[in-house]
Amino acid sequence: MTAATITVQHAPPASRLRISRVGLWLFILSESMLFVGVLATRFTLLGTDVHEAVSQQIGLAITSILLASSYTAFRAEHAARSGDRPGLLRYTAMTLVLGIVFVGGVTLEWVEAFHDFPPGTIFGTVFFTMTGIHAFHVITGLVFLAIIYAGARRGTYESDAWPVEAGVKYWHFVDVVWVFFYPALYLI
Amino acid sequence: MSPLRKVAASPGATAIIALAALTAVEYLVSIAGVPAAFLWLTIIAVVKAGVIVMTFMHLMSVFGGEAR
């Protein structure tokens, strides 16, 4: 156990929460580097071109679903802070369902994409890399949310809502990434 | 839901409405072939990310502000 770990464990609760928040933001910042790199690669290889076969309808639909899931995640976090356990369960479940629908939409897009722009093509490589890395993060977020849901059923977060805040923040981060990926893949 | 809770939840509702409107605008900018679409879409994406980071992710709570 390092001196820094001992210091954090003995810090007052408010300080521990602040240290945890800073740590999470640093993690998010480091994750952002990956996505910025992928986004830079997309513009380096393709300029501002978008493949005409990309489905605008699916793109808009899954974007709307992911944005809606950010709202339900926000409400879940708000419910956790307010000690509203039924609200936490309800909104976490809604976020999970919306996230699963998003992954389903990406899967549907992939099925079409394999015919229209296979992974061997430049656009296909960029498209599958960007959507694949992002979908992996969405699935990771879904696992995190499922753990939160299970914990909320047991009443784990009634005294400490930090795990809910952390999971929901990660989910919002995945949403922020898609905010930049959506125009880069579908609109520009 | 009590009136107090409704007020407390309203920042999230405002943010999701703003995000939906901005998404509709960026879709229209794309299909309408607006000149300098790349610039407009970049600006809209930055604004949308800002709304999520400030409202949903409580960025200011890191700097001492309390998350709502």
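The largest nonpolar core of this predicted model holds 73 residues. Within this core, Phe127(A), Trp178(A) and Tyr186(A) touch the most other members. Both chains take part. From chain A, the helices α2 (13-46), α3 (56-82), α4 (85-116), α5 (122-154) and α6 (162-187) each supply at least two residues. From chain B, α1 (3-32) and α2 (37-56) each do so as well. The biggest share comes from α6(A), which gives 18 residues. In soluble globular proteins, nonpolar side chains tend to be buried together.

Phe127(A) is a good place to look in detail. Leaving aside residues up to four places away in sequence, Phe127(A) touches Val54(A), Glu109(A), Trp110(A), Ala113(A), Phe117(A), Gly132(A), Leu185(A) and Tyr186(A). One of these partners, Tyr186(A), is itself among the three residues that touch the most other core members. Glu109(A) and Gly132(A) also appear in the contact list of Phe127(A).

Now step back to chain A as a whole. Its secondary structure comes to six helices and zero strands. From the N terminus on, the order is therefore simply α-α-α-α-α-α, with helices taken as DSSP runs of at least four residues. The C-alpha trace of chain A spans about 55 × 40 × 25 Å along its principal axes. Chain A has 188 residues, and 49% of them count as buried. Take the contacts in chain A between residues at least 6 apart in sequence: 78% of them join residues at least 24 apart. The accessible surface of chain A is about 8,600 Å². Carbon and sulfur atoms account for 69% of that area.

Chain B has 68 residues, of which 40% are buried. It has two helices and zero strands. Chain B exposes about 3,700 Å², and carbon and sulfur atoms supply 77% of this area.

What about enclosed space? A search of the whole structure finds one cavity of 30 Å³ or more. About 60 Å³ of space lies in the largest cavity. Its lining consists of Ala79(A), Ala80(A), Gly83(A), Asp84(A), Arg85(A), Leu88(A), Ala152(A), Gly155(A), Thr156(A), Tyr157(A) and Glu158(A). Two elements give two or more residues to this lining, α3 and α4 of chain A. By character, the lining residues divide into five nonpolar, three polar and three charged. The charged ones are Asp84(A), Arg85(A) and Glu158(A). Gly83(A), Gly155(A) and Thr156(A) count as polar.

Notes. Residues numbered from 1 in each chain as written. Chains lettered and ligands numbered in written order. Predicted model: local features only at pLDDT ≥ 70, side-chain atom pairs only at ≥ 80, totals over all residues. Heavy atoms only, no water. Core = buried A, V, L, I, M, F, W, Y, C linked by side-chain atoms within 4.5 Å. Buried < 20%, exposed > 50% of the residue type's maximum accessible area, 1.4 Å probe, protein only. Contact = heavy atoms within 4.5 Å. 1 Å grid on protein atoms, 1.4 Å probe; cavity = no way out; pocket = protein on both sides within 12 Å on 5 of 7 lines; lining within 4 Å. Points joined across faces, edges and corners; volume = space filled by probe spheres on them. Areas by Shrake-Rupley, 256 points an atom, 1.4 Å probe, with all protein chains shown as cover.
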